[in-house]
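Here's a walk through a two-chain model, from the overall build down to a handful of residues. Have the structure open as you read.

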Amino acid sequence: MNILRTAKGFWSSIVLAIVFGVVMQFLITGEIINFFYVNTLYFIGINIILAASLHLIIGITGQFSIGHAGFLAVGAYASAIITMKLELPFALGLLAGGVAAAIAGLIIGIPTLRLKGDYLAIATLGFGEIVRIVFLNIEYVGGASGMTVTQLTTWPWLFGSILLTLIVIRNFTNSTHGRACISVRENEIAADAMGINTTYYKVVAFAIGAFFAGVAGALYAHNFFIIQPTNFGFLKSFDILIFVVLGGLGSMSGAVLAAILLTIVSTFLQSFPELRMIIYSLVLVLMMLYRPQGIMGTRELTSFFKFGKSAKGGVNS
Amino acid sequence: MEFLQQLVNGVSLGSIYALIALGYTMVYGIVKLINFAHGDVFMVGAFIGFYSITILDLGFFPSLLISMAVCAILGVLIERIAYKPLRNATRIAALITAIGVSLLIEYGVIYVRGAQPEAYPSDLIPATSLDFLGVKVSSQSLLILGTSVVLMILLQFIVHKTKIGKAMRAVSYDMDAARLMGINVNNTISATFAIGSALAGAAGVAFGMYYTKIEPLMGIIPGLKAFVAAVLGGIGIIPGAMVGGLLLGVIESLVSAAGFSLWRDGVAFVVLILILIFRPAGLFGKNVREKV
């Protein structure tokens, strides 16, 4: 009974989302909303994918990774090589970006996920920097001057990727595996004692998160005309981290809301870059001092519609 | 000879890393917090030194002292405002606050004075160089090395011979027991931040003298590398930070000498990841089993 009810809500929300996507498509092709807003929309979409993918690593599995821009970079460059150098179709580039980033996630995840807390954070930060420096030194992808990419990211591709990301991450969270990941977040030693293979789940969550970051990287690369290693410094990682932290560690709708909100705010503050960073950092510090659990805590948006019942999905703490 | 020359360069650079790493390691030893803002205190130190040399027209040593004093105050302020309320919060919250403070200082400085770099005056000390076994040792590297060595000896003296040093060691060993013994933990932590930040300020001035170019975002990479140095030597261990800093400086110089200067920044992080995987307690640390 309960399964049926959630399933019903699940399908109706997908139908609603598709209707929204089709309406937006008409608005874009009919040029009812102008170029500036379309661009902002693309930005928001890419950031939603990034926020949701990092949410799986930090919010659900509790692994504090601050090198997410590294996966973004791997996805961006891998897809750009596929479409620009090998001249294969964009869909393949999208997939290749995700797969390359997932492999990078496995390579960095298997050795470093034995580390905890601060040490993992620093190791992933180091990984992100290494990726940036590697791309800086490879002449094949243009070195410091970057690589030119044609604009292939369109609304259907972007919207499809967002939908896929959110569905996969939501279903993963609600599955047995997701619950295992949540138990790792809550107490790793206890989870281990209950017979959960903590390393396995940490690596799986890391790889899935990296995969979607790579897809976002592919979309990111094909939305701009040029990609450069400087775009993927650790400021970018912090940007993504801020979405997750502000939205609430452990809440996917929180991460998505924060991504939408902050992208809009930063788009309007584009002409004052310093002020934007000052506001960002102040928000971060004040948030940690006064509301460390973020906007949503670990609750999901749907929990507001179920009065008197605890939310399904994330664990209430 | 080329090898020896690079070794000398590496030691000069490494002593700057060591000075910053000392602050990281002391703060981590006591409050278990990676103080990301430490690299930015270093940057502020470089700018204070620059302004006292150019605007106040002071010599090297007075500017060094001013810069150390201002940085000490800044460090204590950061601790009191941002970190103290989070003493009992989760580690992630503290780490994110540290990142936030770091960004705030960087972009605050850019907002106040702009992002353009500044050139350090090079005529502050006579630019002579000693020839030693065919290796050129410039007076600047000697000055930097001398300053760092004196400061490190001073730090050892403070930590091992004075009352506040004893309190620091006690707090880092067991904060609650130290509190029960009547040690003022808050003052001790502030003192730690003051001393660590003063060392970062000195490193900032030394960095300015050595590289002659300073800018508001310059603290990020040396800050991260100093953290790598602290981890390399075993975080929380003061001699470890010195050795780690020197070692990292030498490794970097040798990598540049081998013709891979573009990969220099990457090598530090590779060293970090290797050390974290194979010897997470660092070169000087002992492995401690985690208690449940």
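Let's begin with the surface of chain B: its accessible area is about 12800 Å², and 68% of that belongs to carbon and sulfur atoms. Keep in mind throughout that this is a predicted model.

**The two chains**

Chain B is built from eleven helices and four strands. Chain A has twelve helices and two strands, and along the sequence they run α-α-α-α-α-β-α-α-α-α-β-α-α-α. The radius of gyration of chain A is 19 Å, close to the 20 Å that the globule rule gives for 317 residues, so chain A is as compact as a globular protein of that length. For chain B the value is 19 Å as well, which agrees with the figure near 19 Å for a compact globule of 292 residues.

Here are some whole-chain values.

| Chain | C-alpha extent along the principal axes | Buried residues | Contacts (separation of 6 or more) made by residues 24 or more positions apart |
|---|---|---|---|
| Chain A | about 50 × 45 × 40 Å | 56% of 317 residues | 79% |
| Chain B | roughly 55 × 45 × 35 Å | 54% of 292 residues | 75% |

As for the outside of chain A, about 13600 Å² is exposed, with carbon and sulfur atoms supplying 71% of it. Now the charges. Chain A carries 17 positive and 11 negative ones, and their mean positions sit 14 Å apart. In chain B there are 19 positive and 14 negative charges, with mean positions 14 Å apart.

**Where the chains meet**

How big is the area buried between chain A and chain B? It comes to about 3700 Å², and carbon and sulfur atoms give 83% of it. Asp118(A), Tyr119(A) and Ile122(A) supply 17% of the area that chain A buries against chain B, more than any other three residues. In terms of residues, the contact takes 38 from chain A and 41 from chain B.

**A closer look at chain A**

Take Asn223(A), which is found in the loop between helix 9 (198-221) and strand 2 (226-227). Is Asn223(A) buried or exposed? At 5% relative accessibility, Asn223(A) counts as buried, since the cut-off is under 20%. Leaving out residues up to four places away in sequence, Asn223(A) touches Asn39(A), Tyr42(A), Ile46(A), Gln151(A) and Thr153(A). Leu152(A) is 71 residues away from Asn223(A) along the chain, yet their C-alpha atoms are separated by 6.7 Å.

Another loop residue is Ser251(A), placed between helix 10 (234-247) and helix 11 (252-268). Its relative accessibility is 0%, so Ser251(A) counts as buried. Which residues does Ser251(A) contact, leaving aside neighbours within four places in sequence? The list is His55(A), Met296(A), Gly297(A), Thr298(A), Arg299(A) and Glu300(A).

**A closer look at chain B**

Over in chain B, have a look at the stretch around helix 2. Lys32(B) belongs to the loop between helix 1 (2-31) and helix 2. Lys32(B) isn't a glycine, but its phi is positive, about 55°. With 40% relative accessibility, Lys32(B) counts as partly exposed, because that class covers values between the 20% and 50% cut-offs.

Ser52(B) sits within helix 2 itself (residues 38-54). This serine has a relative accessibility of 2%, so Ser52(B) counts as buried. Setting aside neighbours within four places in sequence, Ser52(B) is in contact with Asp57(B), Leu58(B), Ser63(B) and Ile66(B).

One of those partners, Asp57(B), lies in the loop between helix 2 and helix 3 (60-83). Asp57(B) is also a non-glycine residue with a positive phi, in this case about 60°. Is Asp57(B) buried or exposed? Its relative accessible area is 66%, so Asp57(B) is exposed. That puts a buried residue, Ser52(B), in contact with Asp57(B), which is exposed.

Definitions and conventions. Residues are numbered from 1 along each chain as its sequence is written. Chains are lettered from A and ligands numbered from 1 in the order in which they are written. This is a predicted model: local features need pLDDT of at least 70, side-chain atom pairs count only at pLDDT 80 or more; totals for chains, interfaces and linings use all residues. Side-chain values use heavy atoms; hydrogens and water are left out. The radius of gyration is taken over C-alpha atoms; the globule rule is 2.2 Å times the number of residues to the power 0.38. Buried means under 20% relative accessible area, exposed over 50%, partly exposed in between (1.4 Å probe, protein chains only). Contact means heavy atoms within 4.5 Å. Accessible areas come from the Shrake-Rupley method with a 1.4 Å probe; for residues, only the protein chains shown count as cover. Lys and Arg count as positive and Asp and Glu as negative; His and the chain ends are not counted. The place of a charge is taken as NZ of Lys, CZ of Arg, CG of Asp or CD of Glu. Buried area is the accessible area (1.4 Å probe) that two parts lose on being put together, summed over both.
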